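Load the model in your viewer, keep the selection panel at hand, and follow the stops below in order.

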Amino acid sequence: MALDNTWFTEIYPADGAAFSFKIKAKLHDERTPYQHIEIYDTVGFGKLMVIDGCVMLTDRDNFLYHEMMSHPVLFAHRAPKKVMVIGGGDCGTLREVLKHPGVEEAWQVEIDERVTRLSEQYFPALCSANDDPRAHLYFGDGIQWLKDAAPESLDVIIVDSTDPVGPAEGLFNEAFYRNCHRALCPGGILVGQSESPLFHKTLIQSMHGAMRAAGFDHTRTFYFPQCVYPSGWWSATLAGKGVDPLGFREQDAAQKSFATDYYSADIHRAALVAPAFMAGVGG
Ligand code: AG3
């Protein structure tokens, strides 16, 4: 819904709030078999991708989310070589994953090929690593993909999904996490985007419960700002197979060989500190 015809607004009905962008132009509007994708050019945030009315990313601030979906889990793992991204069709998470020289293979399984094709067109910087020989782009159902994955074949699984409604609903339950657990090697770590701590505490609690029920020994939520998502504050939840993802390779993170705009070893440590109202949620 728009305040007037020059604004795009995502409304959060349950919380009586909204976030708006002043729009220069609408660049694309498409209904795929899976969802409704819109691309805008905005006055303050560069290009904006919207799926089913929900803000997915902007040029200006996607680094926060993409860096935090990739580097904390990759530095928490002892030596990640095989990495799977579920969703993430804009390729921003994949690009960050491939910054790690130790990663040998990275698969991205996105259900809607159009998300990737539109990202190539409108967000080319996010797709700059797609021709890396270690990158494998598949278009299909991530849930099925993990059901079929060979046991103990992955080091890290990153669930870069939309909200837990529609096509992404099945990426937040015990059955899915059980398949992730089976596909991970001992010491493997799963991370999923887990929505807003302020707005979705109950969902985060249920993710911890489902991850533990699926066999993960330790689960940890971490926090980061994301002003264009509901409440402006976001989280991701880690689940370790025989490993507590609270620990990470601090020295390697401090001496990383690549540039980041948000992530650092200090941010990693700080991000894992739970706000008082989240105490007792997982951990
Ligand atoms: N991440 C989308 C997170 C959900 C945002 N929710 C919302 N706006 N209601 C996927 C896109 C980044 N790779």
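Begin by selecting strand β5, residues 54-58, together with helix α1, residues 62-76, since both are part of the ligand's surroundings: each of these elements supplies at least two residues of the shell. Bear in mind throughout that this is a predicted model. Within the shell, the largest share belongs to β5, which provides three residues.

Next, display the ligand with the whole shell, where 14 residues are found around the ligand and Glu10, Val55, Asp90, Asp160 and Asp163 come nearest. If you colour the shell by residue class, seven of its residues are nonpolar, three are polar and four are charged.

Now turn to the nitrogen atoms of the ligand and look for polar contacts. Select His66, which places a polar side-chain atom 3.0 Å from a ligand nitrogen, and then Tyr65, where a polar side-chain atom lies 3.2 Å from a nitrogen atom of the ligand. At Ser161, show the backbone as well, for here a backbone N or O atom lies 3.3 Å from a ligand nitrogen. How much of the 400 Å² that the ligand exposes when taken alone does the protein bury? The protein buries 98% of that area. Switch on a cavity display, and you will find the ligand in the largest cavity.

For the last stop, select strands β1 (residues 7-12) and β2 (residues 17-31), which run antiparallel and are joined by six bridges. One pairing to pick out is that of Thr9, whose bridge partner in β2 is Ser20. Finish at the hairpin of these strands, where four residues lie between β1 and β2 and Gly16 takes a positive phi near 60 degrees.

Notes
Residues numbered from 1 in each chain as written. Predicted model: local features only at pLDDT ≥ 70, side-chain atom pairs only at ≥ 80, totals over all residues. Heavy atoms only, no water. Near = heavy atom within 4 Å. Polar contact = N/O pair within 3.5 Å; in protein donor to acceptor, adjacent residues only side chain to side chain. Areas by Shrake-Rupley, 256 points an atom, 1.4 Å probe, with all protein chains shown as cover. 1 Å grid on protein atoms, 1.4 Å probe; cavity = no way out; pocket = protein on both sides within 12 Å on 5 of 7 lines; lining within 4 Å. Sits in = over half its atoms within 2 Å of the grid points. Nonpolar A, V, L, I, M, F, W, Y, C, P; charged D, E, K, R; others polar. Pairing = 2+ DSSP bridges.
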